[in-house]
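Biologist: Please take a close look at one part of this model. I should like to see how that part is built and how it is set in its surroundings.

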Amino acid sequence: MKPSLSRRDFLKTGSALVISFSLAPELAFGQAKPAPLPGSLNNNRMLNAWLRIDADGSVTIFSGKIELGQGIGTALTQVAADELDVDLKRIKIVHGDTALTPNEGQTAGSQSVENSGTALRFACAEARDILLNAAAAKLGVAANVLSVNDGVCTAPDGKTAAYWDLVADADFKREAQAKIKPKAASEHRWVGKSIARRDIPNKMTGGAAYVQDVRLPGMVFGRVVRPPSPGARLVSFDEAAVGSMPGVIAVVRNGSFLGVATEREEQAIRAREALKKSARWKESASLPPSGDALFEHLMTKAKSEDSVVNRRTSATAPSAARTLNAVYTRPYQCHGSIGPSCAVAQWSGGKLTVWTHSQGVYPLRGELAKAFAMEPSNIRCIHAEGAGCYGHNGADDVALDAALVARMTGGRPVKLQWMRDDEFQWEPYGSAMAMKLSGGLDAQGNVVNWRHELWSYPHSTRPGASKGVNLLAGRHLEKPLDPGSPPYIPQPAGGADRNAIPLYDFPNQEVVKHYLQGAPLRTSALRTLGGYANVFALESFIDEMALAAGADPVEFRLRHMKDPRARAVIEVTAQRAGWQANAKGDGVRGRGIAFSQYKNLACYCAVVAEVEVDRTSGKVRVTRAVSAVDAGQIVNPDGVVNQIEGGIIQSASWTLMEAVRYDRTRVTTRSWADYPIIHFNDVPQVEVVLLNRPEERFLGVGEGSQGPAAAAIANAIAHATGRRLRALPFTPERVKQALA
Amino acid sequence: MADFTLRVNGATRKVSSVAPDTPLLYVLRNDLELNGPKFGCGLAQCGACTVLIDGRSARSCTVPVSTAAKGSITTLEGLGTIDKLHPLQRAFIEEQACQCGYCSNGMIMAAKALLDSNKSPTNQQIRQALNGHLCRCASHNRIVRAVQRAAKEMA
């Protein structure tokens, strides 16, 4: 908090601050902007950036969005095939290569179908129009009499011209106009169908599918030795002893960055162990308190920048007859990718090539260029899949590690993978958060005021987001690289305050953000940013309000909700789950419901969770979950189901089990034994209902179910036992304590 | 350093100048260029590196190559190919039983070991057999369905 202003004074000015942030720089400086184009076309305006048709009959589409196992490659191909009128199998897709594809920033925020899908849809519709006109000219007929089947245009007299015969006449090297209307849903052949993902067969048979599978001639293996704690500095290590170990090619030290390259991978692991043993570090206690004390620290002691992100007031609403207050907390949590972060780097003639599972090859290239003081054009970043990331994990960091080590191997490429403890100790975590809710009910039991106050460290410190270099090794170099300040993410998407603004119709409401500065544990984007914790708090608290009002949770939500699409997902979820209004929990079993529209602008999702509470052990099992989703027009129904279903189960794991452990100096979470996640025996059955709206625009789904699942579980436990749990995760110890 | 002769997927493969305590995983991935088994934790906690040794599922990240050389090793590549899929591979594809697919190797190999000893496992038996395998994308229910589908096809 700024010392010159009291908190109250600062809050008064908060709203105005937010508005100034939401102005785009171009507008602020009065520069002329070109006409806006749909989706990512706006920033990548050339048609040939998006597709290419070759004389050999191949059709290639390019996307800056990359495959994370979410099926985007398949979904984008479906969109393109429909607009172009070609077979799905004919289309190749190239994603995420700074030498080949458009710059679409990060593959994040559940925006790939919305942004890349929309761009490809308009680009391909326009390309088809250009091709049809070329065919018409060639065949001497009007374009509108042609029919098209898999790229072959047929005139009424039976003469044909195929797209690939028209390559010379159809110029895509032009700026898109986006004037050609894409097809109506009724004309789609591929969009809306559960097309099997194109990447899966290779993955199920041991094909080269991941960055870990990249093998280059002369390639060697690298490992890093990280400091034992965030505040540690390297004092000394026995370079000679390690240098003489079998297979060691280079030991790389730069300040507190320590790495090794060897001929064989297991040699790198052994050299890493030897380096760890001989290294002497100067450590300092730089971490915040843990456990309950953390949240007191966040709410009262940590330095914060405070703002009102939303305020609505009503002069006519009745006053509150009753007021409730509650504080909810969420600990630091891990992405926990199954495959530790990995990259392959090679230097050649002053140029750097990196194979990476980064979510954004262009932003990563920019950071590497800053780190090595090079022109970005001398760096190529090529995406290759990694294990699922669920946000900003170590993918970008390991690229710098590999590049630093590869500078010392005489041009031989280096494949560098983190060890499990590197990942657990150094991935940027989802920030710990505290949410203080208060609300008033009038005499009729309706919500008349609502306040949501939250404390959080930054949720997005991705590459490209600041003026600095936020790649982990940068902080350990002899001349450290400043990670820069994280960006301010304005509403309506929001960052820490994502989904803190209720969609319910409350006459008075206020949302206040305390944005904590100087994250002592590195934090960044974990699936939903602040959305998971805010929805957990908001949707738990609305159940607490419903209980106080003596109302059924479904009825209470509907009573305060006007948006018909939100109402529909709540109603369908309740109905499919067999919701019985006002049913009582039996002490062991219960059910709860929760809702959100992700970012208040992407998919609508409601979840009913059913739980069983073992009152002796305190263990909670989610036995069943039901969810209805409205994602606007659905490109691939099974892809949506997979995301929602996976999101619910992953959220159950976060909610019941997960918290990063640390003391005042070190992170003590190092292996899966320290950070258990959900296992098969505890995974609930999940039923997903899709409310397809083919005439509506795409709404992202990748993060839609995370928040509602958490609150539905909390509400189900409260329904079962009569006890409200407000501190995540709901471990057996916490549950037993609550039941005592 | 020593030389080893391994039996992998029915073929004899020689590897030279390898330390005897080298985990099998690195020999399979780097010397034999097999992509199926994955490095996940190096501690036998996650299952991504699973192979079969003499028909039993084993965590190749902690099995020394010198021990593995005494048995017959099967990896994901040994079950089937893209053109000639094993029923388990076909079932995982049919059920779209993954998101990222990084854990799939371990799931399929553990399921193979299960179906070899129990031709028609119950839902609960499948969950129990896979319980020590971690999936972070949370495709668990699809994986169970895929194993059931494969069991039916193989019956």
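Modeller: The part chosen is a strand of chain B with its partners: β3(B) and β4(B) pair in the antiparallel sense, over four bridges. Two strands are taken to pair if DSSP finds at least two bridges between them. Helices (H or I, at least four residues) and strands (E, at least two) are DSSP runs, numbered from the N terminus. This is a predicted model, in which local features need pLDDT of at least 70 and side-chain atom pairs count only at pLDDT 80 or more, while totals for chains, interfaces and linings use all residues. Residues are numbered from 1 along each chain as its sequence is written, and chains are lettered from A and ligands numbered from 1 in the order in which they are written.

Within the pairing, B:Leu52 has B:Ser57 of β4(B) as its bridge partner. The two strands make a hairpin with two residues between them, and B:Asp54 in the turn has a positive phi of about 50°. β3(B) also pairs with β5 of chain B (residues 72-74), again in the antiparallel sense, over two bridges. Here B:Ile53 is matched with B:Ile73 of β5(B).

The hairpin also takes part in a boundary within the chain. Chain B is divided into domain 1 (2-79) and domain 2 (87-154), with bounds that come from an automatic or database domain assignment. The C-alpha centres of domain 1 and domain 2 of chain B are 21 Å apart. Across this boundary, 15 residues of domain 1 of chain B are in contact with 15 residues of domain 2 of chain B, contact being defined by C-beta atoms, placed from the backbone, that lie within 7 Å. On the domain 1 side, β3 (50-53), β4 (56-59) and α3 (76-79) of chain B each supply at least two residues. β3(B) gives the most to that side, with three residues. By class, the domain 1 side has eight nonpolar, five polar and two charged residues. In this scheme Ala, Val, Leu, Ile, Met, Phe, Trp, Tyr, Cys and Pro count as nonpolar, Asp, Glu, Lys and Arg as charged, and the others, Gly among them, as polar.

Chain B as a whole has seven helices and five strands, which run β-β-α-β-β-α-β-α-α-α-α-α from the N terminus on. Its C-alpha trace spans about 45 × 30 × 25 Å along the principal axes. A compact globule of 155 residues would have a radius of gyration near 15 Å, and chain B, with 15 Å, agrees; the radius is taken over C-alpha atoms, and the globule rule is 2.2 Å times the number of residues to the power 0.38. Buried residues make up 59% of the 155 residues in chain B. A residue is buried if 20 or more other C-beta atoms lie within 10 Å of its own, exposed if 12 or fewer, and partly exposed in between, with C-beta atoms placed from the backbone. Of the contacts in chain B between residues at least 6 apart in sequence, 59% join residues at least 24 apart.

Chain B also meets chain A. The contact takes 47 residues from chain B and 47 residues from chain A. On the side of chain B that touches chain A, α1 (24-31), α3, α4 (87-94), α5 (104-117), α6 (123-130) and α7 (140-154) each supply at least two residues. The residues of that side divide into 22 nonpolar, 20 polar and five charged.

The partner, chain A, has 17 helices and 24 strands. For its 740 residues the globule rule gives a radius of gyration near 27 Å, and the 27 Å of chain A agrees. Its C-alpha trace spans about 75 × 75 × 55 Å along the principal axes, and buried residues make up 56% of the chain. In chain A, residues 24 or more positions apart account for 79% of the contacts with a separation of 6 or more.

Technical notes. Two residues are in contact if their C-beta atoms, placed from the backbone, lie within 7 Å.
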